[in-house]
Amino acid sequence: MTIFRFDGRRRFRTLFQAVTLTIVFVIILKCLTQDNDSSKNMQIKETIKPSGDIYSQLLSANDLERLKRVERGPPIVVPRYKLIFFWNQKSACSYWKRVFQYIQGIPRKQFQFIHTPERSGLKYLDNYSNKSISQMMNDPTWIKATFVREPRERLLSAYLDKAIDNSFVLEKCNRSVKSFAEFIELTRTCKDPHWESQVRLPQHYYKHMIVGVMENLPDFTEKLLRKVGAWNETVRHWLQNRKRNDLVVTRMHATNAKNKILKYYTYSLEKKIVTRYQKDYDVFGFDRSLFTLK
């Protein structure tokens, strides 16, 4: 009997250990399976449509501040047509502001205030919360577009408009310039939206953005307005009637810079600008060929 009791205890202990190990193994396997399923579900949800706090991770705080920077001019938001437009100084910005006023039915009396946000009737991205901005920027149903200008032409336009017979550079940079070469050197240290890079976002955002260039302004205008559903005969007629005062005003700052490139640029100046604005050439695909060598 004594030996029998000893064997029974031993067998019971062995059986208990086996059952315990089996239970532990089943629990671990179940946890691993649930984690794997959760991971797959999360991947599926993120692929279909990000939601909630995921948006806040797509645009950094620095990116959001760059977008809303008042001096640079936050992008224009056209809610009626779900459009976010990244305008740039010295790239037909007055023209575009007036177009967006017109297609939204903003009263004509407000057209004269295109550069005064609170009186222009236009909405800007800084009117929205960071969460709303991130959601709009990452929502494919919102069209994102920008309009840019060849950097050498744009910089020359800034010089002709802001530095010659104009106190702008003196007030902005605390000094005047006597030549285009001197202006180029000054803009290395004196920063201003009229001559800063036109790349305002992480570069991957531009892969899904409609980009227009100065050379194709009329065609791009129609293309963009058709895309967002704002194009019609009334708009076409308004755009073609260049005698209207509200369109004439937009051309007051026209400098015809493109036709003056060879008058102001030298080989060395061109090389400086192509190097300085390398990001603009990379993102927007401008031709780097030097005008002075053609």
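Over which residues at the start of the numbering does pLDDT stay under 50, and how many contacts beyond four places in sequence does the model have for them? The stretch is residues 1–6, and the number of such contacts is zero, where pLDDT is the predictor's confidence in each residue, from 0 to 100, and a contact means heavy atoms within 4.5 Å.

Before I go on, please keep in mind that this is a predicted model, in which local features need pLDDT of at least 70 and side-chain atom pairs count only at pLDDT 80 or more, while totals for chains, interfaces and linings use all residues. Residues are numbered from 1 along each chain as its sequence is written, and side-chain values use heavy atoms, with hydrogens and water left out.

The mean pLDDT of the protein is 81, with 74% of its residues at 70 or more. Residues 32–57 are another stretch where pLDDT stays under 50, and for these the model has seven contacts beyond four places in sequence.

Let me turn to the sheet. Five strands make up an open sheet of mixed pairing, in the order β3-β1-β2-β4-β5; helices (H or I, at least four residues) and strands (E, at least two) are DSSP runs, numbered from the N terminus, and two strands pair if DSSP finds at least two bridges between them. Because β3 (123–124) and β5 each have a single partner strand, they stand at the edges, and one side of each is left without a neighbour in the sheet. The partner relation of β5 with strand β4 (residues 143–148) is parallel and runs over four bridges, and within it Thr146 stands opposite Val211 in β5.

Next, the cysteines. Taking a disulfide as a pair of cysteine sulfur atoms within 2.5 Å, the count comes to one, namely Cys173 with Cys190, at 2.0 Å from S to S. The pair links distant parts of the chain, 17 residues apart, with Cys173 in helix α8 (residues 168–173) and Cys190 in the loop between α9 (180–186) and β5 (210–213). The link is left-handed, with -80° about the S-S bond. Both cysteines of this link, Cys173 and Cys190, are buried, which is to say under 20% relative accessible area, with a 1.4 Å probe and protein chains only. Cys93 also counts as buried, because its relative accessibility is 11%.

Finally, a helix pair. In the contact between α4 and α10, Tyr95, Trp96, Val99 and Ile103 of α4 meet Leu217, Phe220, Thr221, Leu224 and Leu225 of α10.

Key:
Buried means under 20% relative accessible area, exposed over 50%, partly exposed in between (1.4 Å probe, protein chains only).
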